[in-house]
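This report is a guided reading for someone meeting the structure for the first time. Please keep the sequence and the model side by side while working through the sections below.

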Amino acid sequence: MIDGPEKARGGTSRRGFLKRGLALGGAAAAGLAGARSALAAGGDPAITEIQDWNRYLGEGVVAQPYGTPSAFESHVVRRDVSWLTADATSSVSFTPLHELEGIITPNGLCFERHHAGIAEVPPDEHRLMINGLVDRPLVFTMEDLKRFPRENRVYFLECAANSGMEWRGAQLNGCQFTHGMVHCVMYTGTPLRHLLEEAGVKTSGKWLLAEGADAAAMTRSIPMDKALDDCLVAWKMNGEALRPEQGYPVRLVVPGWEGNMWVKWLRRLEVGDQPWEQREETSKYTDLLANGTARKFTWGMEVKSVITNPSPQAPITHGRGRTVLTGLAWSGNGRISRVDVSLDGGRNWHEARIDGPSLPMALHRFYYDFDWDGSELLLQSRAVDEKGFVQPTKSALRTARGENSIYHNNGIQTWHLNAEGGLENVEVS
């Protein structure tokens, strides 16, 4: 385990570290120019020789009726950690964040979290019921739902247990495994308030119980204020039907709040006057503090970020010189207003560039370009959201919350970059 920035740089002084950084720009430019000259002089076969794909016709249209990624990208997949759970039907897979760009997650790479496996629900047979404290109990078919006004919204979805293994120290070596229980897509659906207005919520109706149609009968209590604000009943993601593992044919979208509340295979909405205190909001999805008390109803996902590349699964292979650092930031409070990057374990910070759409409660892509001289670095990112909340250090988070929880860990992540370009999950004390 690395104890601090000085050890990570092999004991060199901070002043020496900064001097090396100042000398990098010229070396990087010379290195790139030298590489181009060498290729021109030697005659790169990839340029000078005709390749098979230049000689022969390829497959025609509809060779793959539903398009698939290139065979050369077969390594870009969701992965699991087999020892995390006893059974795959109640488990999780992780989004390969280190392989992605932009802010939208491809449908086939969105992380999975199931409590009873993937429910295969025929859409023609699926029904959504609204009951409880309403004027008119209703049952909707999928065709009924699609007659209500619909909206398109881009949101991140993060499991409350994302980074949960890191509460007591650095554990999993790769951002896919430390931070991969998050994705971001465009949802299409109808605002939940339209359905509730159709049923007529009684004045005593202050809470909503959402229930899924899978074998786990997942249920969560949601305050009526949130239900009437920005929640969606969605049946499309990124323009196509929900994938079965994402709740096909219909799911609940609860922007900015923990993923367990985004009930998949949504079958029932019951209006009540108080929370139901179900399993997933009492014994689970509560935060056990150091003094033995537990916080419950901690719905919102706090401001968070992670450097996705370079990272343990995405080492630097080009050697010294021009290097692009990139990552993701998000907050359940709204937009990300700033991301800072540190190369020395938090001693000095540099503002990163946020690129692409900046949408409330969506992922934000950031970049920091620098010249690497081959020295050891401690890479960190720190996000700030539009409400002014700043991503905390892991030490500050543990001081406030202890180490008993597995939920809502938004502490600053550190990657140790060694002289060979490899990276490791570490902590800076």
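## Backbone turns with unusual angles

A place to begin is His 408, which sits in the loop between helix H10 (394–401) and strand E22 (414–417). The model is a predicted one, and in it His 408 has a positive phi of about 60 degrees although this residue is not a glycine. Is His 408 buried or exposed? With a relative accessible area of 2%, His 408 is buried, because the cut-off for that class is under 20%.

Ser 163, in the loop between strand E5 (151–158) and helix H7 (175–179), likewise has a positive phi, here about 70 degrees, without being a glycine. At 6% relative accessibility, Ser 163 counts as buried. As background, most residues other than glycine have a negative phi, and most peptide bonds are trans.

## Two cis peptide bonds

The peptide bond from Tyr 248 to Pro 249 is cis, with omega near 10 degrees, and Pro 249 belongs to the loop between strand E10 (240–241) and strand E11 (251–253). Asn 309 and Pro 310 are also joined by a cis peptide bond, for which omega is about 0 degrees. Pro 310 is found in the loop that runs between strand E15 (304–309) and strand E16 (321–330).

## Strand E16 and its partners

The strands on either side of that second loop are themselves paired: E15 and E16 are antiparallel and share five bridges, with Asn 309 having Thr 326 of E16 as its bridge partner. Asn 309 is thus named twice here, in this bridge and in the cis peptide bond to Pro 310. E16 also pairs with strand E20 (residues 364–372), again in the antiparallel sense, over nine bridges, and in this pairing the partner of Val 324 is Asp 369 of E20.

How many of the ten residues of E16 are buried? Eight of them are, so E16 is largely enclosed by the rest of the structure.

## An open sheet and a helix

Five strands form an open sheet in the order E18-E17-E21-E22-E23, with antiparallel pairing. Its edge strands are E18 (350–351) and E23 (423–426), each of which pairs on one side only. Within the sheet, strand E17 (residues 336–342) and strand E21 (residues 377–385) run antiparallel and are joined by six bridges, and Arg 338 has Val 384 in E21 as its bridge partner. In general, the strands of a sheet pair through backbone hydrogen bonds, either parallel or antiparallel.

Among the helices, H8 (residues 192–199) has as its buried residues Leu 192, His 194, Leu 195, Leu 196 and Ala 199. Just after H8 comes Gly 200, which takes a positive phi of about 80 degrees.

## Pocket and cavities

The largest pocket has a volume of about 590 Å³ and is lined by 29 residues, of which Thr 85, Arg 113, Ala 161, Ile 406 and Tyr 407 lie nearest its centre. By class, the lining of this pocket divides into 13 nonpolar, eleven polar and five charged residues.

There are three cavities of 30 Å³ or more, and the largest of them has a volume of about 240 Å³. Twenty residues line this largest cavity, and those nearest its centre are Arg 113, Arg 251, Gly 259, Trp 262 and Lys 264; the lining has eight nonpolar, six polar and six charged residues. Arg 113 is therefore listed nearest the centre both of the largest pocket and of the largest cavity, where linings are counted by atoms within 4 Å of a point. The second largest cavity holds about 60 Å³ of space, and its lining, which includes Leu 97, Glu 101, His 183, Leu 328 and Arg 365, has seven nonpolar, three polar and two charged residues.

## The chain as a whole

The protein chain has ten helices and 23 strands, and its C-alpha trace spans about 80 × 65 × 40 Å along the principal axes. For 429 residues a compact globule would have a radius of gyration near 22 Å, and the chain, at 24 Å, agrees with this.

Buried residues make up 51% of the 429 residues. Among contacts between residues at least 6 apart in sequence, 72% join residues at least 24 apart.

Technical notes: Residues are numbered from 1 along each chain as its sequence is written. This is a predicted model: local features need pLDDT of at least 70, side-chain atom pairs count only at pLDDT 80 or more; totals for chains, interfaces and linings use all residues. Side-chain values use heavy atoms; hydrogens and water are left out. Two strands pair if DSSP finds at least two bridges between them. Helices (H or I, at least four residues) and strands (E, at least two) are DSSP runs, numbered from the N terminus. Buried means under 20% relative accessible area, exposed over 50%, partly exposed in between (1.4 Å probe, protein chains only). On a 1 Å grid over the protein atoms alone, a cavity is a set of points where a 1.4 Å probe fits but cannot get out, and a pocket is an open set with protein on both sides within 12 Å along at least five of seven lines; lining residues have an atom within 4 Å of a point. Grid points are joined across faces, edges and corners, and a volume is the space filled by probe spheres set on the points. Ala, Val, Leu, Ile, Met, Phe, Trp, Tyr, Cys and Pro count as nonpolar, Asp, Glu, Lys and Arg as charged, and the others, Gly among them, as polar. The radius of gyration is taken over C-alpha atoms; the globule rule is 2.2 Å times the number of residues to the power 0.38. Contact means heavy atoms within 4.5 Å.
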